[in-house]
Amino acid sequence: MAVAGWNGEGQPAVEAQGYFDESLLASIYSSSFVEVYRLAQKVDELQDGQGYMTGYDVVIGGQDSCPLKDVRFETLTPVGAVTPVAVYFDAMSCFGHAPNLKEPGTIFHVIEQDGHYVIDNFWNRDYAAGNIETSVKAEYAALTHSYLDFLVTGSWPKQ
C-alpha cells in the first residue's frame, strides 16, 4: 500500500508502510484518534489476529481500488475548531467505472493539537455534515464496544 504522508509546512517528510504506520500515528493523527484506533486494533487482534479490523480500505472506502488518480484537496469552511478537508480522487477507472469527481471520496476533520494540524476523524461515506456516527473513528469505537459487550454478555449484539 502506498501512502503519501501528510506534510504540513515545516514538517519533515514521513516514510510509511500504511495509513496507520507507527510514524503516521505519531505525526498526522490526533491523540484521540490514535487511542480509539489502538483499542480497535487490540480488539481485532484478540478476535481473529487477522489485522483487517473493518475488512476494507477505510481511507478510500472500498475493498479493491485502482491506483489513485486525479487527487485534489479542498479545505472547507471551518466549524469551530474543526477544519473539514474534502479529498477527491479516481479509484475505479481501471475497472471501467467512471469516477464521480464532483463528490469527495473522503472527508477529513483536521484540528490543531500541540501546535500542528492533525487528522482527528474521517469519513469515506455518509458524511452528512460531519455526523460522528458515520465516521471511521466511530466505526473503530463500535468495534471495541461490541467486543466488550460480548465479553460481558457472552453473545454478539444482533445486527
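Two exercises with worked solutions follow, on a helix and on a salt bridge.

The model is predicted, so local features need pLDDT of at least 70 and side-chain atom pairs count only at pLDDT 80 or more, while totals for chains, interfaces and linings use all residues. Residues are numbered from 1 along each chain as its sequence is written, and side-chain values use heavy atoms, with hydrogens and water left out.

**Exercise 1.** Find which residues of helix α3 are buried, and work out where they lie around the helix axis.

Solution. Begin with the helix, a DSSP run of H or I with at least four residues; α3 covers residues 136-153. Next, apply the cut-offs for relative accessible area with a 1.4 Å probe and protein chains only, where buried means under 20%, exposed over 50% and partly exposed in between. The buried residues of α3 are then V136, K137, Y140, L143, T144 and Y147. Viewed down the axis, they fall within an arc of 130 degrees, taken from the directions from the axis to the C-beta atoms, so they line one face of α3. The face turned away from this buried side carries the exposed residues V152 and T153.

**Exercise 2.** Examine the salt bridge between D90 and K69, and determine how buried or exposed each partner is.

Solution. A salt bridge requires a side-chain nitrogen of Lys or Arg within 4 Å of a carboxyl oxygen of Asp or Glu, and the closest N and O atoms of D90 and K69 are 4.0 Å apart. The pair links strand β2, which holds D90, to strand β1, which holds K69, 21 residues apart. D90 is buried at 3% relative accessibility, whereas K69 is partly exposed at 44%.

Note on methods. Helices (H or I, at least four residues) and strands (E, at least two) are DSSP runs, numbered from the N terminus. The expected span of a helix is 1.5 Å times one less than its number of residues.
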